[in-house]
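Trainee: Please give me a close look at one part, the nonpolar core. I'd like to see how it fits with the rest of the fold.

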Amino acid sequence: MKKNNISSLPHNECCGCRICADVCPRECISFIEDSEGFFYPQVNEDLCISCGKCIRACPEINSTYNPKANIVTAAYAEIKSDRDAGSSGGIFGLLAKAILRSGGKVWGAAFDENLKLKHRCASSLSELPPLLKSKYLQSDTSYCFKAILNDLRDDKLVLFSGTPCQCDAIKNIAGKYQDKLITVEVVCHGVPSQSLFDKCIKNIEDRDKCKITSFSFRAKYKGALHPQAFSYVCKKNGNEKTIKGLHYQFPFYFGFQKYITLRPSCYSCKWARPERTADITLADFWGIENYDSSLNAKQGVSAVILNTDKGVDLFNNALQKENIWCETLPIEAAIENNGCLKSPTPLKKEREDFFTALRTKPFDEVVDSFLTSKKQWIFDIYYGMPSFLRRIIRKVMDQRMNYE
Ligand SMILES: Cc1cc2nc3c(=O)[nH]c(=O)nc-3n(C[C@H](O)[C@H](O)[C@H](O)COP(=O)(O)OP(=O)(O)OC[C@H]3O[C@@H](n4cnc5c(N)ncnc54)[C@H](O)[C@@H]3O)c2cc1C
């Protein structure tokens, strides 16, 4: 990098965490949307004093990792409503409650009333629910790192949750306040943009002449024994209706699962490896049934990887105060069936065609060509099969898949 600021970082090396804008003493870094819908920093060179703070804070330039953990805990919230409130075992919610009960603050990704995903702070139990559950798009972290640093300076305990790149970002600037900061990362295979999500929502609103008011990527309604079950609430003529389905029945979700809509840097993610950056790593415990036949990942079992002493303390604190079932297993049990604990999501050839079409064609055509399953009946049969058969099929398909 020639200049002593973030401006020459290539797009595919910017994870979009926005920490550079938060640490700039001249406030001369803005985030500008590109034609794919992702945001990148733009430095006002007239104001920049080349202090280098943005470069030192950047997690892509200064990635940090804990030593690889030896053990992992399979865990879930024993109270059904706590488990159903989360995407997998509901463990994040219980860790957050432990922090809030100790007078701390919790940061996480939440939709606002317009379905814009932003990082927000919960200071009380009543503010926690919107932070729960995975939302499969990039969350806007504008100004949140500045606010967290202020809380840390005021000696407040802060739990920051997010993607690994976001956790590494806050760690980079916490400095002497590290002791008061606890980071919880979700294992992440990449994020699409808010703009694509907005387009897909609007497409359905226009088609069905309704207004979508909430969206869940991990709906756990009765009979939804599938991790990629979605539900959304839409309003039409004053009436509310809940629509449910599986990922291949919602264009945005279908594209996300095909890995063709992710941010460029996600395909070379520096945190998709066994060594983790946060104090605690949370993931779905895929394949848990191979280690304990009484469990089933589809019913919501989290892999909780405790990477630091701070992480161990928080988990033990939650174990004492909350109803958590857990079992210790070797780390390989979690890594074996979770691609993003090993390596980044492979770049698909179709990604470029998708974004070219998004720039040049009407959105309805893009949905038809790239975001709609041509053979829904195959999915219907596939998802009707027992999971062990689906695993075998996936393995064979993976081997035949043509990646770039
Ligand atoms: C974009 C994304 C991709 C993921 N990919 C995988 C994967 O490939 N394999 C896997 O095992 N698990 C993946 N997960 C994690 C998994 O879905 C669960 O979130 C995790 O197991 C925790 O579940 P829980 O029930 O304990 O808590 P939950 O209540 O589900 O935890 C929610 C937590 O996720 C955070 N969060 C939600 N959405 C976002 C977002 N867009 N950006 C930043 N933080 C967010 C919240 O702040 C909160 O901390 C992914 C999550 C996300 C957000």
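Mentor: Happy to! The protein chain has 14 helices and 13 strands, these being DSSP runs numbered from the N terminus (helices are H or I with at least four residues, strands are E with at least two). Its radius of gyration, taken over C-alpha atoms, is 21 Å, close to the 22 Å from the globule rule for 404 residues, so the chain is as compact as a globular protein of that length. The rule is 2.2 Å times the number of residues to the power 0.38. Do keep in mind that this is a predicted model: local features need pLDDT of at least 70 and side-chain atom pairs count only at pLDDT 80 or more, while totals for chains, interfaces and linings use all residues. Residues are numbered from 1 along each chain as its sequence is written.

Of the 404 residues, 43% count as buried, meaning that 20 or more other C-beta atoms, placed from the backbone, lie within 10 Å of a residue's own. The largest nonpolar core has 111 residues; such a core is a set of buried Ala, Val, Leu, Ile, Met, Phe, Trp, Tyr and Cys residues joined through C-beta atoms within 7 Å. Cys20, Leu95, Leu159, Ile280 and Val304 have the most contacts inside this core, and helix H4 gives the most to it, with 8 residues. Domain 1 (6-57) and domain 2 (64-393) both contribute residues, so the core lies between them; the domain bounds come from an automatic or database assignment.

Take Val304 as an example: leaving aside residues up to four places away in sequence, it touches Val72, Thr73, Ala75, Ile91, Ile280, Leu282 and Phe315. A contact here means C-beta atoms, placed from the backbone, within 7 Å. Across the chain, among contacts between residues at least 6 apart in sequence, 67% join residues at least 24 apart.

As for the two domains, their centres, taken over C-alpha atoms, are 25 Å apart. Domain 1 brings 17 residues to the contact and domain 2 brings 20. Helix H1 (residues 19-23) provides the largest share of the domain 1 side, 3 residues.

H4 (91-101) also appears around the ligand, where H4, S4 (105-111), S6 (158-162), S7 (181-186) and S11 (280-284) each supply at least two shell residues. In total, 34 residues surround the ligand, the closest being Gly86, Ser87, Phe92, Gly108 and Ser161; a residue belongs there if its C-beta atom, placed from the backbone, lies within 6 Å of the molecule.

Notes: A residue is buried if 20 or more other C-beta atoms lie within 10 Å of its own, exposed if 12 or fewer, and partly exposed in between; C-beta atoms are placed from the backbone. Two residues are in contact if their C-beta atoms, placed from the backbone, lie within 7 Å.
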